[in-house]
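This note sets out some points for a colleague who is reviewing the model below. Please read the points alongside the coordinates.

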Amino acid sequence: MIQFCTEEIAFSLPNKNKHKAWLKAVATEEQKSIGEISYIFCSDDYLLEINKTYLNHDTLTDIVTFDNSEDSKKLEGDIFISYDRIQENGKKLGTENSELQRVMVHGLLHLAGYKDKKKEDKELMTAKEDYYLALYFKEQ
């Protein structure tokens, strides 16, 4: 089950069913199933507090993913996304139309086991994001 929630912002994800179907398709292609995943869209301040409290990082970020999976084949977790960061990064990078989906799939890929700290890991993560973004936008 995938659910979409908000904390401290007024935001409603458009096309919720399309997003759910797409994220399930991503999981299936990664040979995983979806357990319980919550996407929590929030403010910069809200996510900064999470980043400080749980990760000891005193920096703004666009996403924090908490993996709650107990079965390696089932994706479960909480994915916090700063809508403020998404909007700002989208403008800065010229990706306003896809930044939200990129960050959403980024969180799902983290749950699937992908990392992004090392250069080669980040390159693979970005390639996966690009591939799955193409699938999302092909459906339009």
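1. The structure holds zero disulfides, a disulfide being a pair of cysteine sulfur atoms within 2.5 Å. The model is predicted: local features require pLDDT of at least 70 and side-chain atom pairs count only at pLDDT 80 or more, whereas totals for chains, interfaces and linings use all residues. Residues are numbered from 1 along each chain as its sequence is written, and side-chain values use heavy atoms, with hydrogens and water left out.

2. Why is Cys 5 without a bond to Cys 42? The closest cysteine sulfur to that of Cys 5 belongs to Cys 42 and is 11 Å away, which is too far for a bond. Cys 42 is likewise in no disulfide. Cys 5 is partly exposed, at 29% relative accessible area, while Cys 42 is buried, at 0%. (Buried means under 20% relative accessible area, exposed over 50%, and partly exposed in between, with a 1.4 Å probe and protein chains only.)

3. The largest nonpolar core (buried Ala, Val, Leu, Ile, Met, Phe, Trp, Tyr and Cys residues joined through side-chain atoms within 4.5 Å) has 29 residues. Those with the most contacts inside this core are Ile 37, Tyr 39, Phe 41, Ile 81 and Met 104. Two or more residues each come from β1 (2–7), α1 (16–29), β2 (33–42), β4 (74–82), α4 and α5 (119–138); helices (H or I, at least four residues) and strands (E, at least two) are DSSP runs numbered from the N terminus. The largest share, seven residues, is that of α4.

4. Apart from the largest core lies another, of six residues, including Ile 40, Cys 42, Ile 50 and Val 64.

5. Tyr 39 is in contact (heavy atoms within 4.5 Å) with residues including Ile 2, Phe 4, Cys 5, Leu 23, Ile 81 and Met 104, leaving aside neighbours within four places in sequence.

6. Glu 99 lies in helix α4 (residues 99–111). Glu 99 is buried yet has no salt bridge (a side-chain nitrogen of Lys or Arg within 4 Å of a carboxyl oxygen of Asp or Glu). The nearest side chain of opposite charge, Arg 102, is 4.7 Å away; Lys and Arg count as positive and Asp and Glu as negative, with His and the chain ends not counted.

7. Ile 9 is found in the loop between β1 and α1 and is partly exposed, at 22% relative accessibility. Beyond four places in sequence, Ile 9 touches Phe 41, Cys 42, Ser 43 and Tyr 83.
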